[in-house]
Every structure is written in structure tokens, then in C-alpha cells.
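Subject: Structure for you to look at

Hello,

I am handing over the structure we spoke about. Please have it open while you read the notes below.

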Amino acid sequence: MTIYFGDGTNQATAASSVNSGGVVKAWARYGCDDTTLDDSYNISSVSSTGSGRFTLNFSTSFANTNYAVACSASRQGTTSDNVPMVAGTKNGGFATGSCRINTGWPPNEHMYNTESIGVIICGDQ
């Protein structure tokens, strides 16, 4: 693989750098009502396991369960402002082929579906 830059230069060794530890290995943006992937990389599917509880399935598994996950979520409030939500991984929710994601609202500690969730995952594959 060769990556071409705007100044006309290129990097022919890009394929090996994709496998480095500092590169996002999976990401997704999806809606909670129908678990349809809006867009993704290395995520084969999303399934709902209850209100505010989801499992992301990887197209290519990770080498171990020591990967890092970052999430964002929002929910439409009663006004035009979005309500900030908390999204994260469940304790024990790391597997090499999938990851569990939970979304909720901190003040009442309940799990809620949100309009959209964004997830990025870094680790060894």
C-alpha cells in the first residue's frame, strides 16, 4: 500500500505501520434504536442485549483483551440541546472477538438507549 500526500510525496511502507500499536484498530458510529451501523471499520455487527447495553463484534479479532476503548454518546433532551450521556465498557466485557458497551445517564445511574454512539478501539491484533 502506498499513501500519497498533498505535497506529492508518498510513503510506500504504510502497510506495516497500520499494524503498529498506536493506530485505531476498530471504530464505529451506530444508532441504538435499531443497532444499524452508520459507518465503521473492523466492526462486523452491533447487537442490543438490553436497554443501553450493546455488543460490538469485530471483523478481525484482537490478539488479547488488553485493548483500550473510548466512547461518546448523546441523547436528545426535551429542548433542542442534546443530553450528555456516559458510554463505556462493562467490567468483564472485553473479549478478543467482541466488546460490550453500556450507555447511561450518571445522575440516576440508569441504562438508556441513545440516538448515537461513537466508539474507537486501540490494541494489538
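What follows is a summary of what was found, from the overall fold down to single residues.

This is a predicted model.

Overall make-up

The secondary structure of the protein consists of one helix and 12 strands. Read from the N terminus, the order of elements is β-β-α-β-β-β-β-β-β-β-β-β-β. Of the 125 residues in the protein, 27% are buried. The protein exposes about 7,200 Å², and 49% of that comes from carbon and sulfur atoms. If one takes the contacts between residues at least 6 apart in sequence, 51% of them join residues at least 24 apart.

Strand β10 and its partners

Strand β10 covers residues 98-105 and is mostly covered, with six of its eight residues buried. Strand β6 (residues 53-58) runs antiparallel to β10, and five bridges join the two. Strand β9 (residues 86-94) also pairs with β10 in the antiparallel sense, over five bridges. The connection from β9 to β10 is a hairpin of three residues. Strand β11 (residues 110-111) is antiparallel to β10 as well, joined to it by two bridges.

Ile-101 is a convenient place to see the pairing. Ile-101 in β10 is the bridge partner of Phe-54, and Thr-89 also stands opposite Ile-101. For the pairing with β11, look at Gly-104, whose bridge partner there is Met-111.

Ser-98 belongs to strand β10. Its relative accessibility is 18%, so Ser-98 counts as buried, the limit being under 20%. Beyond its neighbours within four places in sequence, Ser-98 is in contact with Thr-55, Leu-56, Asn-57, Phe-58, Tyr-67 and Gly-93.

The core

The largest nonpolar core has 18 residues. Tyr-30, Ile-43, Leu-56, Phe-58, Ile-117, Val-119 and Ile-121 have the most contacts inside this core. Two or more residues each are given to the core by β3 (24-30), β5 (43-50), β6, β10 and β12.

Leu-56 is worth selecting in the viewer. Not counting residues up to four places away in sequence, Leu-56 touches Tyr-30, Ile-43, Ser-45, Val-46, Gly-97, Ser-98, Cys-99, Ile-101 and Val-119.

Surface features

The count of salt bridges comes to one. The side chains of Arg-29 and Asp-38 form this salt bridge, with an N to O distance of 2.8 Å. Arg-29 has a relative accessibility of 43% and therefore counts as partly exposed. Asp-38, at 46% relative accessibility, is partly exposed too.

Val-24, Trp-27, Tyr-41 and Ile-120 make a nonpolar surface patch of about 340 Å². Ile-120 lies in strand β12. With a relative accessibility of 41%, Ile-120 counts as partly exposed. The core residues named above include Val-119 and Ile-121, and Ile-120 sits between those two numbers in the patch. As background, side chains in a regular strand alternate between the two faces of the sheet.

Two residues to check

Asn-42 is found in the loop between β4 (37-41) and β5. Phi of Asn-42 is near 65°, which is a positive value in a residue other than glycine. Is Asn-42 buried or exposed? Its relative accessible area is 10%, so Asn-42 is buried.

Gly-123 lies in the segment after β12 (116-122). At 12% relative accessibility, Gly-123 counts as buried. Which residues is Gly-123 in contact with, leaving aside its neighbours within four places in sequence? They are Lys-25, Phe-62 and Tyr-67. Tyr-67 is also among the contacts of Ser-98. The C-alpha atoms of Gly-123 and Ala-68 are separated by 6.3 Å, with their positions 55 residues apart along the chain.

Regards

Terms used. Residues are numbered from 1 along each chain as its sequence is written. This is a predicted model: local features need pLDDT of at least 70, side-chain atom pairs count only at pLDDT 80 or more; totals for chains, interfaces and linings use all residues. Side-chain values use heavy atoms; hydrogens and water are left out. Helices (H or I, at least four residues) and strands (E, at least two) are DSSP runs, numbered from the N terminus. Buried means under 20% relative accessible area, exposed over 50%, partly exposed in between (1.4 Å probe, protein chains only). Contact means heavy atoms within 4.5 Å. Accessible areas come from the Shrake-Rupley method with a 1.4 Å probe; for residues, only the protein chains shown count as cover. Two strands pair if DSSP finds at least two bridges between them. A nonpolar core is a set of buried Ala, Val, Leu, Ile, Met, Phe, Trp, Tyr and Cys residues joined through side-chain atoms within 4.5 Å. A salt bridge is a side-chain nitrogen of Lys or Arg within 4 Å of a carboxyl oxygen of Asp or Glu. Patches are made of residues with over 30% relative accessible area and no salt bridge: like charges are joined within 9 Å, nonpolar side chains (Val, Leu, Ile, Met, Phe, Trp, Tyr) within 5 Å.
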